[in-house]
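Hello,

Here is the structure we discussed handing over. My notes on it follow below the files.

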Amino acid sequence: MKLDVNALGTFYRMAREGAGLAAGRLTHMTGVETQVGVTKLNFMRGEEIRREFEDSTEKVGVRVKLTGAIEGYSMIVFERENAFRIIETLLSESGADDAVDVDGEFDEMTQSAATEVGHIMNSGFVDGWADVLEAVIDVSTPEFVEGQSAELFFGDIEETPDDDDLALLFQSQIETVGTEIGFSHYLFPKRASMASLLDRLRTSGGIEYDKLDGFDRMAERGAKEIANTATTLTGIETSVDIRRLNFVSLEAIPQQLPDETLVGVAFEFDGMPSGYLLFLFDEESAHEIVDAMVPMAVDEDGFGEMGTSAIKELGNIMASGFLDGWANVLDTTIDHSPPEFIHDIGAAAVDPVIIQLGENQEFTFVFDTVVMADGREFDCEVYAIPDENDLERALNDLEVDRIEETPTTAEFQELDNT
C-alpha cells in the first residue's frame, strides 16, 4: 500500500468537509452554535488509541458500519456527561417535559436520543467524505455503546489496529459556542479499502506504508533521545509521553497552540530530509529548566542572557540527538542551523516557520512529542516538520531493518552548575 501527499490531502479535505457537515447538523438538532476546530489525520498505533481512550472516564459511543467507497467503521464517542448535556438540550428543544438525570442510567428515551445524535453526526462525516470522493458510502443501522473499556467499543472490530500496528485515523475537533460539548471521532477503515482509495488518488510514486511506519519508529527513538538528553543536562528525570505522527495543513499547526506565552528554540535542518524542528515550553517550564541548569541566573521577569543561553544550549543538544538518529538510520547527513530563541504568545511562536514552509507546500507531516518531567513542571512539545518532497525521497531509500539496529550517537558534555 502506497500513499502520497495528494492522496492524504484528499483525505484531509474529506475529514474537514465531514466535520463541517457534522457540526452543522449538531447545530440544527440542538440549536447550539458550533464550529470546526483542528482537523488532523493521525497515524497512531493501537496501543496509543487504547491508552488515550482508557482514561477512566465513562463514555458513550454510536458506531456504524460503512460499505461502498470506504469500508470499515465510523464511531462518535462522547464523554458521558457531554452526551447527557446534548440529550438535555435536544429534548428541551423538542418540548419534552421529562428531566434528564445526568447521574442516572440510560433509559429507552435517553439511549434513543443519544443514538439519534450519534447517527446524524456519523452520517454528516460520511456524507462529507462521499462529496469529496464523488462516490457512494452506505451507512448501517447505528449501534449504541457505553462504558470505560476500549474493548467494549473496539474489541469486536477487526479493523482496529493491533498494539504495534500503525493506523490512519481521522480526528476532528468540533467546538461549541457558549457551552462545553466535545466528542471524539474514529474511522477504522478496512486495509484493502484504504489501499484501493490510495491507489486511485495517488499522483506520484508515493511512499510505501511500511516505510512511513518505520519513520514513525525513528521519531519515537529520537524522542527518547531528547528525554535522555534533558535528564542529563538538567538533572530532572524526564520521559516521553504519547507521541503520534500527524498529517495536517500548515495553517492548523498554530491553531493547536495555547493562547499563552511560550518559550523555545527553532532550527532549520538541511540534508535528506530538510525542514524545521521546534522545541516549545510554557514559561513556567522554561524557568524550571533555567533554574536546574544555571541556578544563579534566576530572573522572575524574563530569561536574561544566561537564561536564554541555557534554553538555546538544551535545544541545540536535543536537536543534535534527534537529527543524528535520523541521519544514522537514513545513512545520510543532516545539518541544522544555530538555535533561534523563541519567546512569544501562542501562534506567533511558530508563524515564521509556517510562512517559510507555506511558500512550497500546503500540508505537512508533523511529529509532535511531549517530553514530561517526573515531579516537576517541565513539559516540552516537539514539532519536527520535514519538507514533503525530501521526506518522500528519504523514505523511499529507507531500509526499515536498520532502524532498530542503528544506535543513536548523540554526544554531549554535562554542564557544571556549581
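Isoleucine 76 sits opposite histidine 185 of strand S8. This is in a predicted model, so please read everything below with that in mind. The strands concerned are S4 (residues 72-79) and S8, which pair in the antiparallel sense over seven bridges. S8 itself spans residues 183-189, and six of its seven residues are buried, which leaves the strand mostly covered.

Next, the salt bridges. The whole structure contains five of them. Three are described here, beginning with two that share arginine 63.

Arginine 63 and glutamate 143 join through their side chains, with an N to O distance of 3.0 Å. The two residues are 80 apart in the chain: glutamate 143 belongs to strand S6 (residues 143-147) and arginine 63 to strand S3 (residues 59-68). Arginine 63 also forms a salt bridge with aspartate 156, at 2.8 Å from N to O. Aspartate 156 is in the loop between H5 and S7 while arginine 63 is in S3, so this pair ties together parts of the chain that are 93 residues apart in sequence. Arg63, Glu143 and Asp156 are thus linked in a network of salt bridges.

How exposed or buried are the members of that network? Arginine 63 has a relative accessible area of 5% and is therefore buried, the cut-off being under 20%. Glutamate 143, at 37%, is partly exposed. Aspartate 156 has 52% and counts as exposed, because the limit for that class is over 50%.

Another salt bridge lies within a helix. Arginine 393 and aspartate 390 have their closest N and O atoms 2.5 Å apart. Both are in helix H12 (residues 388-396), and because they are three residues apart, about one helical turn separates them. Arginine 393 is partly exposed, with a relative accessible area of 45%, whereas aspartate 390 is buried at 9%.

Last, the surface. Glu47, Asp162, Asp164 and Asp165 form a negative patch there. One of its members, aspartate 164, is located in the loop that runs between helix H5 (150-154) and strand S7 (166-176). Its relative accessibility is 58%, so aspartate 164 counts as exposed. Aspartate 156, from the network above, is in the loop between H5 and S7 as well.

Regards

Definitions and conventions
Residues are numbered from 1 along each chain as its sequence is written. This is a predicted model: local features need pLDDT of at least 70, side-chain atom pairs count only at pLDDT 80 or more; totals for chains, interfaces and linings use all residues. Side-chain values use heavy atoms; hydrogens and water are left out. Patches are made of residues with over 30% relative accessible area and no salt bridge: like charges are joined within 9 Å, nonpolar side chains (Val, Leu, Ile, Met, Phe, Trp, Tyr) within 5 Å. Accessible areas come from the Shrake-Rupley method with a 1.4 Å probe; for residues, only the protein chains shown count as cover. A salt bridge is a side-chain nitrogen of Lys or Arg within 4 Å of a carboxyl oxygen of Asp or Glu. Lys and Arg count as positive and Asp and Glu as negative; His and the chain ends are not counted. The place of a charge is taken as NZ of Lys, CZ of Arg, CG of Asp or CD of Glu. Helices (H or I, at least four residues) and strands (E, at least two) are DSSP runs, numbered from the N terminus. Buried means under 20% relative accessible area, exposed over 50%, partly exposed in between (1.4 Å probe, protein chains only). Two strands pair if DSSP finds at least two bridges between them.
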